[in-house]
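Dear colleague,

I am passing on the structure we spoke about, with some notes to read beside it. Please keep it open while you go through them.

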Amino acid sequence: MKNSRLHSLQKELLDGVQTKLAETKSLLQNQDLTKLIEGKTGKGKTVLITGASSGIGAGMARTFAKLGYNLAICARRTDRLQALKTEILADYPDIRVELAELDVSDYEAVFTTFKAFQQQFDSIDRIIVNAGVGEGRRVGTGRFHINQRTAEINFISALAQCEAAMEIFREQNAGHLVVISSMSAMRGMPKHLTVYAASKAGLAHLAEGIRAEMIADNLPIKITTIYPGYIRTEINEGAPKLPFEVDEATGSNALVAAIESGVEEACVPTLPWLVLGKAMKHLPLHLVNKLG
Ligand SMILES: NC(=O)c1ccc[n+]([C@@H]2O[C@H](COP(=O)([O-])OP(=O)(O)OC[C@H]3O[C@@H](n4cnc5c(N)ncnc54)[C@H](OP(=O)(O)O)[C@@H]3O)[C@@H](O)[C@H]2O)c1
């Protein structure tokens, strides 16, 4: 390699490291939503959230409403969506909330629902691929259909959502795709988490591939992968206390703070999961197992 090319590669690598450090710094500094709420940073913008009928989907909807965003919310349980819409509009009557029934395993419906939301709002600024299931069984114990369903909802249905979102963003030449992966995606996980973790790792890789393409094609579409730690919701209902768990409101606020910062990837809440995530990548598996 010629000296000049080597220098330029070294410079690019160092710039890349600096960008990553700056992202980490901004994540650590931007945990407080007060300024975003006061500034109504979402005013006039629309965020679409799948799986918004409970848990962090509903929680993020509440927090984005505080920031002034219009909301396009969907899930199968429309009674929950309607109750959420009523609750949010009572507190924030100036925003617009539209809802739709959507089963994300009906792939055609994913495309038509997203498109219908785009037509209702004229444009969609951000789409959050959040719908997911946590069911799983030890591999090889005769419960393939349960693991198959988890793999399908968390990966294939998520792929359909990414496809539908990117079609809209390519047409608009603008947008922000956010996928909700999981800290469990950092490594292979045992027991009921094996397929769940694999599906979430697949989703994170998918998002990275789409991001790589946006960079290669120089398109102004942002892709963010979120790795949540344990947040107490219906997905882990009945489970005993989980490592470093936070409640739904704390988790949802932390998720919105990370998403608003516009970083490529974020472990949420940033602490302790940013540090644990780095450790999980390298620790021996028997230690990583303890987080599962
Ligand atoms: N809570 C955590 O600790 C944690 C950690 C890491 C990642 N996550 C991820 O965060 C996301 C949200 O989970 P959560 O914790 O908020 O759990 P949750 O309360 O159980 O919410 C799951 C949401 O997904 C929707 N959903 C499930 N299957 C669907 C389907 N076939 N079609 C459409 N929507 C469907 C549900 O809506 P309907 O049933 O009404 O359709 C519900 O709104 C999931 O992707 C999960 O893997 C959660």
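The notes below begin with one strand and its neighbours and then turn to some backbone details.

Please bear in mind that this is a predicted model. Strand 5, residues 175-180, is mostly covered, with six of its six residues buried. G175, L177 and V179 point one way from this strand, while H176, V178 and I180 point the other way, and all of them are buried. This fits the general pattern, since side chains in a regular strand alternate between the two faces of the sheet.

Strand 5 pairs in the parallel sense with strand 4 (residues 126-129) over four bridges, and within that pairing L177 is the bridge partner of I127. Between these two strands the chain passes through helix 6 (residues 144-172), in a β-α-β crossover that is right-handed. Strand 5 also pairs in the parallel sense with strand 6 (residues 221-228), over six bridges, and there V178 stands opposite T224. The chain gets from strand 5 to strand 6 by way of helix 7 (residues 194-216), and this β-α-β crossover is right-handed.

As for the backbone, most residues other than glycine have a negative phi, and most peptide bonds are trans. N173, in the loop between helix 6 and strand 5, has a positive phi of about 55 degrees although it is not a glycine. N218, in the loop between helix 7 and strand 6, likewise has a positive phi of about 55 degrees. A cis peptide bond joins V268 and P269, with omega about -15 degrees, and the peptide bond from L271 to P272 is cis, with omega near 10 degrees.

Best wishes

Key:
Residues numbered from 1 in each chain as written. Predicted model: local features only at pLDDT ≥ 70, side-chain atom pairs only at ≥ 80, totals over all residues. Buried ≥ 20, exposed ≤ 12 C-beta atoms within 10 Å, placed from the backbone. Pairing = 2+ DSSP bridges. Right-handed = clockwise from strand over helix to strand, strands pointing away.
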